[in-house]
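Me: Please take me through one part of this model closely, namely the annotated domain, and then set it against its surroundings. I would like a connected account that also says where caution is due.

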Amino acid sequence: MLLTRNLFKLNPKKLRHFSTVADHLTKWTDKFKSENVSEPESSAKHLLAHILQTRNLDTFEQNLDTKLTEVQVKHFEELCLARLCRMPVQYIIKEWDFHGLQGIKIVPPVFIPRPETEELVSHVIEDLHKSDMKNVKFLEIGCGSGVISISLLSEFSGATGWCFDQNQIAVELTKVNAENFNVLSRLNVFKYKLVDGNLESEMKSQKFDLIVSNPPYLLSKEIFELEDDIKVFEDLRALDGGRDGLVVINNILKVAEIHLNKNGVLWLEVHPTHSTILKERFPHGASNSLVFEESLKDFCGKNRFIKFIKIT
């Protein structure tokens, strides 16, 4: 890393040769590529957009000829040096947009929301509208930054939510984000680690219309294959689902069997291999109180989302 620092040490005289947004975009995209930083152009664009105080990359593209001030250049280069160290863009700019919510606060090591989880939220919202469950009472397991709960509460003004996470930083971050989006009064947030399908004492007597989760579902062996951006900076407990990826999911299924109301729904984001396994375990017509209803694919065509229904 010392070599990188020396190579890219800030030099005011050199900065003047890269005066426009387009100049800096080209310069840092090339540097990121040469250092094998993932998503090099996207990283440079998002960092530049942050400097320009715009979230709209289309608007950003219209300002490629804009000249940056020396203060802006210095700040941008500092952000880029952090990206060279493999810090994710979301942690560098400390916020991200999610499902129409602009400026969700993001801090390490809380798990960064992915596009797949935006798809999960879309499916849940569509399902609730079809069922006319506008006053839904829901539980989110593993809330992270709180984006799922906040999205649901923002969509349904009559909804109330409960959520928990084993990471205290995630719990506090969820509270901050919920407060920022004016939904904290309808959200109960707890620090809790789910073990053997047992809920924390304040939740034990609760019943829910909906349980939703983006749980740890990667197979343990896949953790070693993750990019450094993830392995170094994000909380791997939010990713590692054990040998088969089902350790936490099995506990969530137990919670659903006990704490869902009749005709209540469980939505999960899962590993592509889990759909077949769980469909066989929770078939219609069996004695299960919880049945597998459907599996939906993500934008990459992988089986990613599962819906269960509580039938008794």
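Reply: UniProt positions are given here in the numbering used for this chain, and such annotations may be inferred rather than shown by experiment. With that caution, an unreviewed UniProt entry places the feature "domain: Methyltransferase small" at residues 126–218. The model is a predicted one, with a mean pLDDT of 92 for the protein chain and 94% of its residues at 70 or more. The annotated span is 29% helix and 24% strand, and its end C-alpha atoms lie 26 Å apart.

The sheet is a useful place to begin. It is an open sheet of seven strands with mixed pairing, in the order β5-β4-β3-β6-β7-β9-β8. Its edge strands, which pair on one side only, are β5 (187–191) and β8 (290–297), and neighbouring strands are turned against each other by 15° on average when direction is ignored. Strand β6, residues 208–213, and strand β7, residues 260–269, are paired in the parallel sense over five bridges, with Phe208 standing opposite Leu260 of β7. As a general matter, strands of a sheet pair through backbone hydrogen bonds, either parallel or antiparallel.

Two of the helices that meet this sheet can be described in turn. Helix α9, residues 147–155, lies across β3 (137–141), β4 (160–165), β5 and β6, and runs at about 165° to β3. Helix α14, residues 274–281, packs on the sheet by touching β8 and β9 (303–310), and its direction makes about 20° with that of β9.

Helix α9 also has a helical partner: α8, residues 115–130, packs with α9 at an angle of about 35°, their axes being 10 Å apart, and the crossing is right-handed. On the α8 side this contact involves Thr117, Leu120, Val121, Val124, Ile125, Leu128 and His129, which meet Ile148, Ser151, Leu152 and Glu155 of α9. By residue class, the contact of α8 with α9 divides into seven nonpolar, three polar and one charged.

Some backbone details deserve attention as well. Asn182, found in the loop between α10 (168–180) and β5, has a phi near 60°, a positive value in a residue other than glycine. Before α8, the loop that links β2 to α8 holds Pro109, and the peptide bond from Pro108 to Pro109 is cis, with omega near 0°. Strand β2 itself, residues 101–105, pairs in the antiparallel sense with β1, residues 95–98, over three bridges, and the bridge partner of Trp96 in β2 is Ile104. The hairpin of β1 and β2 has two residues between its strands, and His99 in this hairpin takes a positive phi near 50°.

Turning to the N-terminal side, the unreviewed UniProt annotation "domain: Release factor glutamine methyltransferase N-terminal" covers residues 25–93. Over these residues the chain is 68% helix and 0% strand, with the end C-alpha atoms 17 Å apart. Within the chain, helix α4 (residues 40–51) and helix α6 (residues 70–84) pack at an angle of about 145°, with a distance of 10 Å between their axes, and α4 passes α6 in a right-handed crossing. From α4 the contact draws on Ser43, Ala44, Leu47, Leu48, His50 and Ile51, and from α6 on Gln72, His75, Phe76, Leu79, Cys80 and Arg83. The residues of this contact comprise seven nonpolar, four polar and one charged.

Caution is due at the start of the chain, where pLDDT stays under 50 over residues 1–8 and the model has eight contacts beyond four places in sequence for that stretch. In general, where pLDDT is low, the predicted coordinates should not be read in detail.

Definitions and conventions. Residues numbered from 1 in each chain as written. Predicted model: local features only at pLDDT ≥ 70, side-chain atom pairs only at ≥ 80, totals over all residues. Heavy atoms only, no water. Helix = DSSP H or I, 4+ residues; strand = E, 2+ residues; numbered from the N terminus. Axes fitted to C-alpha atoms, helices over the stretch in contact; angles between N-to-C directions. Left-handed = near helix turned anticlockwise from the far one by under 90°. Contact = heavy atoms within 4.5 Å. Nonpolar A, V, L, I, M, F, W, Y, C, P; charged D, E, K, R; others polar. Pairing = 2+ DSSP bridges. pLDDT = per-residue confidence, 0-100.
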